[in-house]
Amino acid sequence: MNTIMRKSVLSVAGLAFAGGVFAGPVAAHANPVDAKPVAVAVQSAAPKPQGEQSHITLNDEQTANVKAIIAATKKAGLPERAAVISIATSLQESKLENLGHLGDMNDHDSLGLFQQRPSSGWGTPEQITDPEYSTTAFLKGLKQVDGWQDMPLTEAAQTVQVSAYPDAYAQWEQQATDLVGQHWNS
């Protein structure tokens with residue numbers, strides 16, 4: 001190391017030491033401050049809704065299905081975010097209506113709130129049309145998605161549902177969030 005560089009390094013080290021010597025004793029003998037914990041606003045880790053949002057007015061049956069989804073989510077020990085994803089998914093798949101076989105309107109055997117298919121292993125038709133069962137089945141799939149809590153809703157829902165329209169879930173995020181906020185503690 002050349003002489004100029006060594007002197008520069010030693011000067012910086014000396015300043016740091018001197019700063020510590022002078023500041024240290026002052027700080028050590030300062031009067032303690034009567035500090036109280038301060039509440040800090042924490043933003044939700046949940047991502048913001050993506051894209052344009054859709055909204056429908058719910059009837060009594062749809063509201064009962066919202067409450068059933070929330071109850072199943074709580075029973076599974078999952079947080080509100082799981083209920084938001086579940087409700088948004090059901091809004092997209094069935095508009096929160098517990099659909100039976102749709103006949104000619106449906107080219108598959110999709111049933112229930114989440115349009116789950118017996119032929120794809122979701123359960124029997126009776127199970128899939130039970131709101132608690134179908135929600136629990138959806139949540140079981142959701143829990144297997146690494147990082148679902150922090151990913152965009154549409155990505156989490158699509159990973160479970162494997163829909164032909166993967167981005168469609170995003171449009172229901174705000175209404176699902178509002179519904180969970182309204183009914184989570186009721």
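# A guided tour from helix H2

Select helix H2 and colour its buried residues: Gln-62, Asn-65, Val-66, Ile-69, Ile-70, Ala-72 and Thr-73. Buried means under 20% relative accessible area, exposed means over 50%, and partly exposed lies in between (1.4 Å probe, protein chains only). These buried residues cover an arc of only 165° around the axis, which puts them on the same side of H2. The arc is taken from the directions that run from the helix axis to the C-beta atoms. An α-helix has 3.6 residues a turn, so residues three or four places apart point the same way.

The model is predicted: local features need pLDDT of at least 70, side-chain atom pairs count only at pLDDT 80 or more, and totals for chains, interfaces and linings use all residues. Residues are numbered from 1 along each chain as its sequence is written, and side-chain values use heavy atoms, with hydrogens and water left out.

Next, turn to the other side of H2, where Asp-60 and Lys-75 are exposed. Then display the neighbours: the cover over the buried residues of H2 includes H3, H5 and H7. Helices here are DSSP runs (H or I, at least four residues), as strands are (E, at least two), numbered from the N terminus.

Now examine the ends of H2. At the N-terminal end, Asn-59 acts as a cap, with a side-chain oxygen 3.0 Å from the backbone nitrogen of Glu-61. Just after H2, select Gly-77, which takes a positive phi of about 75°. What span should the 16 residues of H2 have at 1.5 Å a residue? The expected value is 22 Å, and the end C-alpha atoms are 22 Å apart, which agrees. This expected span is 1.5 Å times one less than the number of residues.

Move on to the largest nonpolar core, which has 32 residues; Ile-85, Ile-87, Leu-96, Leu-142 and Trp-148 touch the most other members. Such a core is a set of buried Ala, Val, Leu, Ile, Met, Phe, Trp, Tyr and Cys residues joined through side-chain atoms within 4.5 Å. Helices H2 (60-75), H3 (80-94), H5 (131-143), H6 (153-161) and H7 (173-183) each give two or more residues to this core. H3 gives the most, with seven residues.

Select Trp-148 and show its contacts (heavy atoms within 4.5 Å). Leaving aside residues up to four places away in sequence, Trp-148 touches Leu-78, Pro-79, Arg-81, Ala-82, Ile-85, Leu-142, Lys-143 and Ala-156.

Finally, display the whole chain, which has seven helices and zero strands. Of its 186 residues, 33% count as buried.

Key
Polar contact = N/O pair within 3.5 Å; in protein donor to acceptor, adjacent residues only side chain to side chain.
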